[in-house]
Amino acid sequence: QVQLVESGGGLVQAGGSLRLSCAASGIIFSINAMGWYRQAPGKQRELVATITSGGSANYADSVKGRFTISRGNAKNTVYLQMNSLNAEDTAVYYCNADRVRTRQGTRGYWGQGTQVTVSS
């Protein structure tokens, strides 16, 4: 069974920084891409950033230049460094692993979410 465990959320003042971490556990043969999505109250879940197994990163326009996504050496981990945070970044942030290949087949997984609150 694959699980995604996130950490690093919290309360920060506007202009501050946070670093989110996500680790995928289980017997995993490969992961195509990992990423971060967020959902603010009353809004749909939206893409923040993704990164492929080859290291290609993609960002939402709203976070370009402020957020950086990276994969860990273990390849089953992903990080999101968030700088210059503002109130619009307040949301629950979800880790996603796309096309995870295991003995049971290939599918995507979501983490449980971690709250990021930016105070102005």
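**A tour from strand E10 to the open sheet**

Start by selecting Gly105, which is found in strand E10, residues 105-110. Keep in mind that the model on screen is predicted. Gly105 has a relative accessible area of 27%. Buried means under 20% and exposed means over 50%, with partly exposed in between, so Gly105 counts as partly exposed.

Next, keep Gly105 selected and add Phe29. These residues are 76 apart along the chain, and their C-alpha atoms are separated by 9.9 Å.

Now select Gly26. This residue lies in the loop between E3 and strand E4, and strand E4 covers 30-39. Gly26 has a relative accessible area of 43%, so Gly26 too is partly exposed.

Add Leu80 to the selection and display the C-alpha atoms. Gly26 and Leu80 are 54 residues apart in sequence, and the distance in space between their C-alpha atoms is 22 Å.

From the loop, go back to strand E3, residues 18-25, and select strand E1 as well. The two strands run antiparallel, and 5 bridges join them. To look at one residue pair, select Ser7 and Ser21: Ser21, in E3, is the bridge partner of Ser7.

Finally, show the whole sheet. Which strands form it, and in what order? There are 4 strands, in the order E1-E3-E8-E7, and the sheet is open with antiparallel pairing. Select 3-7 for strand E1 and 67-71 for strand E7 to see the edge strands, each of which pairs on one side only. Turn the view to follow the twist, which averages 15 degrees from one strand to the next.

Technical notes:
Residues numbered from 1 in each chain as written. Predicted model: local features only at pLDDT ≥ 70, side-chain atom pairs only at ≥ 80, totals over all residues. Heavy atoms only, no water. Pairing = 2+ DSSP bridges. Axes fitted to C-alpha atoms, helices over the stretch in contact; angles between N-to-C directions. Buried < 20%, exposed > 50% of the residue type's maximum accessible area, 1.4 Å probe, protein only.
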